[in-house]
Structures are given as C-alpha cells and as structure tokens.
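Biologist: I should like a close look at one part of this model, the place where the domains of the protein chain meet. Please describe that boundary in detail, and then turn to the ligands.

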Amino acid sequence: MSLDQFVDRLRNGEPAKFPSTANTLAWAQSLDEQDKLSHLRDEFIIPTKASLKKKSLDGRIPGQPAQNGVTNGASHEGDEQGIYFVGNSLGAQPKAVRQYVDAQLETWASIGVAGHFQDMEESPLPKWQDLAEDCAKKSADIVGSSPEEIVIMNTLTANLHMMMASFYKPTEKRHKIILEWRPFPSDYYAIESQITWHGLDPEKSMVKIEPDDSYLIPTERVLSVIDEHSEETALLLLPGIQYFSGQFFDMPRITAHAKAKGITVGWDLAHAAGNVELKLHDWDIDFACWCTYKYINAGPGSIAGAFVHERHGKVEWPQGESGKPSYRPRLTGWYGGDKSVRFKMDNNYVPIVGAGGFQVSNPSAIDLASLSGALSVFNKTCMRDLRSKALVLTAYAEYLLDQMTAEFGGSTPAFRVLTPRDPLQRGTQLSVMLASEQLHDAVSAALEANGVMCDKRKPNVIRVAPVPLYSRFEDVWRFMEILKGALAKLNA
Ligand SMILES: Cc1ncc(COP(=O)(O)O)c(C=O)c1O
Ligand SMILES: Nc1ccccc1C(=O)C[C@H](N)C(=O)O
C-alpha cells in the first residue's frame, strides 16, 4: 500500500493495516521516499548528537567568527542529527527564524525608530506597525479563520486572562466555568484566579470533567456535564488537545452543544495549533488562545495568538448623529486602537475592528520576526498535507509500539499507550506510560544517550511527538529500535 492509501484509510477511520515488513528500516525509508513533504526537514535545524552534549556556544555568537568552522545557523554538517520528538514542548528551530530576526535587527540598526513606519526593501517583513497583522494573515489557514479574527500578542496564559476578562462575565445565576479535571496547571491557575478575582468561590464555580477509568474523557461525558450545569455555566474552557494524554477533543460537537445552552466557549489550542486541522470560524467558537513555541516553532516563549470570532469584534457606530461607538467590553491599550487614531493622543479609544482590537501594547518586533519566520515554513505547505503525513507517522509509531508490547508482554506489559487509539482523536503525540518509575528512568537515560529528545513526565510517562514538518518515518523506526534495545537490556 502507498503512503497516500494509508492516509485515505486513516482519514476514513479505518485501521492502517501495516504489512509485516513494516518493522524494517527499508520499509520506513520507502515511506520517506514517497513523502512529498520530506524537503521541509531542510528548513529546520535539528539538534545533533554532538550539539546535544554541548555546554558552551563555541564561538557561535553572532558577530564573531565561528571557531569550529561552522557558520552561525547552519546545521551541524557531518554530525549525525538526533531524533527530535519533542515539538509538543518546543518546536525545532526553522532556519528562516534567524534570517527574519537578522533582517529586523538590520532595520533597527539602519533606520532606528523609523522602522515603525517604513518598509525596507529586501526585508522579508513589512514595517513594524504592520507586523502583527502580517503574522495574523499567515496564521489564518493554520487555525481556520479570517486574518481579522486573529490577534498576535503576549503569551498564552496572559491571553487566556485577557480573553476571560472580556468573555467571562459571571452573574449570580451563571457563574461557573467548566474545565477538565487536570488541565495544564497554568490554565487551572488562570481559571481559578479569574473566579476568585470576581469574588467567587472556586469550589462552587469550577466544574471539572472527570475522565473515564483511563486518562481520556469521552465526548458524551463532556456533553452530559454541560447538560448538568447548563443553567449556571458562564464559560466552557477546554484544551483542543489535552497536553498529557494527547486526546483531541471533538471541538465542533462540544462547541455546538454548549452554545445551544447559552454557554460561551473558549479553547486552549497550545497543543492543537499547527498540529491538527482546525476551523475556528466555522465551528462558531467564541475565542481561542494558543502558544507558538510548540508546533508553530517560533522559539521559546514566543509571542502567542488568539482568535476572537468576528461577531465579537464588531464596532457599531450610532446611526445618524455623532456619538460614541459601541463594542464588546475588554481590557484596552493603545495598540488595540484603530491605526488612524492610534497616534492622535486624544484619549478617544476606537478599537480596530476584529481581534486586532484586543491588542493592548506595542508588540515586540523581534518576537514577531521570529514568528513570521516560523510561519513562512507553513506557507510552503498546508495543514491538510501536514495532518495527512502526521496521521500515518503516528499510526506507524503506534504500530511499532504494539509490536513491542507483544514482544515484551508477559503478565505485566512494560508500557501502555494513554493516547486515544482512534487516529482522528489525537494529534501527533503518543503518551506512553511505563510500568514503573525505574523503567521510565532507564528508558529516558537510553533515549538521551542515543540523541533522542522527547518529553519525560515524572513519574512514568514519556510523550513522543513525531512532528510531520521535520520528522521522518525512519526517525520513528530508529526511535523504536532504541526503545526496544533499552527494554531488552532491562529484561535480560
Ligand atoms: C495547555 C497549556 N497551557 C498553558 C501552557 C503555558 O503557557 P505559557 O505560554 O503562558 O507559559 C502550556 C505550555 O507551556 C500548555 O501546554
Ligand atoms: N514552556 C515550557 C518551558 C520549559 C519546559 C516545557 C515547557 C512547555 O511548554 C511544556 C508544555 N506546555 C507541555 O505540554 O509539556
């Protein structure tokens, strides 16, 4: 079967049915040969086995000649690349990021403050005033919205607060926020503190959806919790993909259900943006927030994105007479103000129409350059193609893991996969729970020693994310060989 046929099967909800030869390196490489996205790997700098051990910059500091003959930003030629399966925490560095940031530094050095209003020839970026909108435009297809429904600002948790400031309006009757039992702690703190900030009691206003007997939360359970609390709930705030289990929630179904009950719906897309296909506008979501350092690869702590549905971004002017415009209440700052009045300094705030009206500050041009560089890679492909490849990459990883379970089975399997078995209910990530903490530590050490980067969650989970932009089927196969070797050694 060809790569395309595997994609079709998985998209149709059918099992991939890998052949018995699929556990060979040659078979993995044959899929890489069919992969029309394979060239995108060259857009990235993948840490190498040697670079992973480095403790100093070795003269690779901008403005100084490299001491080891390697130019800044070039990949470490001749040195074997590691396996980078940790894009669910921090995406690998796109080569374009350095180029875009350098262009920005050059603009700043050359024309100083004028860079705010002046385009520079040959720069891949527009003037600083237009940079955030430029990034919004480049992000629209990734999340399925219009560019005007996106604002690029701040960081994820800060944006969750900004959005809740506008969208969480508790009343005596409707004051609850529905969340899942164990969101990423930052989301939990954000929700809890919003509730206390309104003078309410988190014990009474936080509704946590519990999982089934594993770590997964069935859609039916989400819907029934919504039904149970519908009259008192002001906001539903869930992750598109749960960071720990990798579960991809049925966003359109859950959103439609909650909205039909009069509940405002927000999503945290930290693990979903750039990972799975999203249609935020069509799904009628009220707001969503995401970071850009995971699957979007804009760098540690990079500037984040938020979606505000177009119906919430409207600015209404009174008919006929001149009067104050009306718009959705929010926390405001001058960069959310319409560009025509932003520099008037007359204290008459008029927001930009759309999500841009939620911007508060002058966003960092360096941060935006980094994001723009990262997004330029997405412009060479599309989410549909990335998702197609990811479906097969992850199913292949699951297949090899299952083979290993059979091999190291016995009465207690060495590990189990927590992530949903249905490919359409997960992104690229598989969360693997090892049978014990000792096993986890031994496996982690073996992976590290062999140049594998993946996320280890104490006490006993590793999260493995073969990101389609820069991962190969060969990497999946090699990863599994290393894991198998570690388990065999422990079994011996
Ligand atoms: C679901 C989720 N929420 C929040 C965060 C943290 O966000 P911030 O960028 O605000 O540190 C992360 C990861 O860091 C995350 O995975
Ligand atoms: N920002 C970080 C800084 C250091 C280490 C990890 C992170 C993460 O982003 C973790 C990620 N949210 C996760 O789901 O694991």
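Modeller: What follows treats the domain boundary first and the two ligand surroundings afterwards.

The model is predicted. Its protein chain is divided into domain 1, which comprises 1-34 + 387-492, and domain 2, which comprises 130-377. Between the C-alpha centres of domain 1 and domain 2 the distance is 32 Å. At the boundary, 18 residues of domain 2 are in contact with 21 residues of domain 1. About 1500 Å² is buried between domain 1 and domain 2, and carbon and sulfur atoms contribute 55% of this area. On the side of domain 1, the residues that lose the most area to domain 2 are Arg387, Leu418 and Gln429; together they account for 27% of what that side buries.

As to the interactions across this boundary, the count between domain 1 and domain 2 is one salt bridge. A salt bridge joins the side chains of arginine 11 and glutamate 277, with an N to O distance of 3.1 Å. Between domain 1 and domain 2 there are also eight residue pairs in polar contact, counted with both residues at pLDDT 80 or more. Two strands, β14 (430-434) and β17 (461-464), are the elements that give two or more residues to the side of domain 1 touching domain 2. By character, the residues of that side of domain 1 divide into nine nonpolar, six polar and six charged.

The ligands may be taken in turn. Around ligand 1 are Leu156, Thr157, Phe184, Asp187, Asp268, Ala270, His271, Tyr293 and Lys294. The side chain of aspartate 187 places an N or O atom 2.6 Å from a nitrogen atom of ligand 1, and for the side chain of aspartate 268 the corresponding distance to a nitrogen atom of ligand 1 is 3.2 Å. Histidine 271 has a polar side-chain atom 2.9 Å from an oxygen atom of ligand 1.

Ligand 2 is surrounded by Ser89, Phe184, Tyr243, His271, Tyr293, Lys294, Arg457 and Arg463. In the side chain of histidine 271, an N or O atom lies 2.8 Å from an oxygen atom of ligand 2. Histidine 271 thus has polar side-chain approaches to ligand 1 and to ligand 2. Two arginines also approach ligand 2: the side chain of arginine 457 has an N or O atom 2.7 Å from an oxygen atom of the ligand, while a polar side-chain atom of arginine 463 is 2.4 Å from an oxygen atom of ligand 2.

Note on methods: Residues numbered from 1 in each chain as written. Chains lettered and ligands numbered in written order. Predicted model: local features only at pLDDT ≥ 70, side-chain atom pairs only at ≥ 80, totals over all residues. Heavy atoms only, no water. Domains from an automatic or database assignment. Contact = heavy atoms within 4.5 Å. Buried area = accessible area lost by both parts, 1.4 Å probe. Salt bridge = Lys/Arg side-chain N within 4 Å of Asp/Glu carboxyl O. Polar contact = N/O pair within 3.5 Å; in protein donor to acceptor, adjacent residues only side chain to side chain. Helix = DSSP H or I, 4+ residues; strand = E, 2+ residues; numbered from the N terminus. Nonpolar A, V, L, I, M, F, W, Y, C, P; charged D, E, K, R; others polar. Near = heavy atom within 4 Å.
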